[in-house]
Amino acid sequence: MIDALPRRRFLFGSLAVAAGAVGGAAVLAACGGGGPSGDALQVSNWTGYIDPRGIRRFERRTGIDVVYSEDINDNNEWFAKNQSTLAQHRWIGRDSVVLDDWIANRIINRLHWAEPLDPAHLSHRANLLPELAHPAHDPQRRFSLPWQAGLTGIAYNRSVTGRDIGTVDDFLAIDGHKAVLSEMRDTVGLMMRASGADVTQPSAASAEPAFATLERAVLDGTIDAFTGNDYVNDLATGNLAAAFAWSGDVAQITRDNPDVRFVVPESGGLIWSDNYLIPKGAHHPAQATTWIDYFYEPAHAARLTAYVQYISPVQGVADELTKLGGAAARLVDDPLVVPTPEFLAPVATFGILTDADADAMDERFSKLAGAA
């Protein structure tokens, strides 16, 4: 079984090396401007989700000291760690966090544990892509803005598969080791789309054909593992023939290894965003809003995109990437980073589950993952 890693702990390619990237939460947390940590803006994010130079630029521009921590490894893990403190509306030691759509819905709507973004410090909201402006979990974007967005589809190594993959059935039929994602909504969502179910209005009942397919594939050994984004290295080396995958993870490696390819299945893929939120009890909500606003300026958003190579939620990034030149400019032609409307036509957002359906589906999925 392949060990799972968090979604955004992706392979750093040539751009990251050229940037002098240094991994590790402790190193990034030391990037503050030198003021007392109690007075600094505390930002919490996933690993590898920022260019460290961007932190220093923000500090110089705003005069705000930042302690940046790469300490979000899993949505459920983060929730379990912080729920008792948030329930008391006390500070969790972070002024902002980045979480997936479904848990953002829980924090904003079910539990009311999010502070609204401060309009007085949010001058670049208009640059938000219209496609991401009115999600079900925050229709007016009062409490959240996307940090980055991405697609869920299928990645494969053609030197191993010997042929292209275009459908979920193709994926299941090929020889060689195959993995699906350890995030339930991604794996079940792709299989729901293959079954013809509407993922924008999901339920346990509508997911039943997808679960049946997944269960058969696990029990007969068609699927070898449930994995995080460590599938990237395994695809590159040929240890995996194919995997359900996230676009940003694959974007860099496809340039280094053209045998590794990403495809949105013919039945459709998924699009998602990671949401920047200010939790209840935050000590610096105004500065936290200033942080996300800074990265909604297209020039700053472009530098971030050039580093992480996910889909930017900010309009005007393509023009700014072109201005940067070199490898950054070449990203404009990569639909995994700057997707065209045609590329996005077959993708949809996984909708909001009822509490009962979410619990039932999570439990069933966990049992299948444990059996792989």
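**Notebook: helix contact, salt bridges and positive phi values**

I began with helix 9 (residues 208–219) and helix 17 (residues 355–371), whose axes come within 10 Å and cross at roughly 15°. Because angles under 35 degrees count as roughly parallel, I entered helix 9 as roughly parallel to helix 17. I noted for this pair that the crossing is left-handed. I keep in mind throughout that this is a predicted model.

I then looked up which residues make this contact, and found Glu208, Phe211, Ala212, Leu214, Glu215 and Val218 on helix 9, facing Met361, Arg364, Phe365, Leu368 and Ala371 on helix 17. Sorted by character, the residues of the contact of helix 9 with helix 17 divide into eight nonpolar, no polar and three charged.

**Salt bridges**

I wanted to know how the charged side chains pair, and the structure turned out to hold 11 salt bridges. Side chains of opposite charge can pair when their charged atoms come close.

I returned to the helix contact for one of these, in which the side chains of glutamate 215 and arginine 364 meet at 3.6 Å, N to O. This pair links distant parts of the chain, with glutamate 215 in helix 9 and arginine 364 in helix 17, 149 residues apart. I checked the accessibility of both partners: glutamate 215 is partly exposed, with a relative accessible area of 31%, and arginine 364 is also partly exposed, with a relative accessible area of 27%.

I next looked at arginine 110 and aspartate 355, whose side chains form a salt bridge at 3.0 Å, N to O. Arginine 110 lies in helix 5 and aspartate 355 in helix 17, so this salt bridge ties together parts that are 245 residues apart in sequence. For arginine 110 I wrote down a relative accessible area of 41%, which is partly exposed, and aspartate 355 counts as partly exposed at 38% relative accessibility.

The third pair I followed was aspartate 164 with arginine 261, where the side chains meet in a salt bridge at 3.1 Å, N to O. Here aspartate 164 sits in the loop between helix 6 (158–161) and helix 7 (168–173), while arginine 261 belongs to strand 9 (residues 260–263), and the two are 97 residues apart. Aspartate 164 counts as partly exposed at 39% relative accessibility, as does arginine 261 at 31%. I also found that salt bridges sharing partners join Arg158, Asp164 and Arg261 into one network.

**Arginine 57**

I turned to arginine 57, which is found in helix 3 (residues 52–62) and counts as partly exposed at 23% relative accessibility. Leaving out residues up to four places away in sequence, I listed Asp51, Tyr294 and Arg303 as what arginine 57 touches. I looked up the separation of arginine 57 and tyrosine 294, and found them 237 residues apart in sequence and 9.9 Å apart in space, C-alpha to C-alpha.

**Positive phi outside glycine**

I closed with the backbone, where histidine 112 has a phi near 55°, a positive value in a residue other than glycine. I placed histidine 112 in the loop between helix 5 (101–110) and strand 4 (114–115). Glutamine 309 has a positive phi of about 60°, although it is not a glycine. I found glutamine 309 in the loop between helix 13 (298–308) and helix 14 (317–324). Is glutamine 309 buried or exposed? I recorded it as buried, with a relative accessible area of 2%.

Terms used:
Residues are numbered from 1 along each chain as its sequence is written. This is a predicted model: local features need pLDDT of at least 70, side-chain atom pairs count only at pLDDT 80 or more; totals for chains, interfaces and linings use all residues. Side-chain values use heavy atoms; hydrogens and water are left out. Axes are lines fitted to C-alpha atoms, for helices over the stretch in contact, and angles run from 0 to 180 degrees between N-to-C directions. Helices (H or I, at least four residues) and strands (E, at least two) are DSSP runs, numbered from the N terminus. Angles under 35 degrees count as roughly parallel, over 145 as roughly antiparallel, 65 to 115 as roughly perpendicular and the rest as oblique. A crossing is left-handed if the near helix is turned anticlockwise from the far one by less than a right angle, and right-handed if clockwise. Contact means heavy atoms within 4.5 Å. Ala, Val, Leu, Ile, Met, Phe, Trp, Tyr, Cys and Pro count as nonpolar, Asp, Glu, Lys and Arg as charged, and the others, Gly among them, as polar. Buried means under 20% relative accessible area, exposed over 50%, partly exposed in between (1.4 Å probe, protein chains only). A salt bridge is a side-chain nitrogen of Lys or Arg within 4 Å of a carboxyl oxygen of Asp or Glu.
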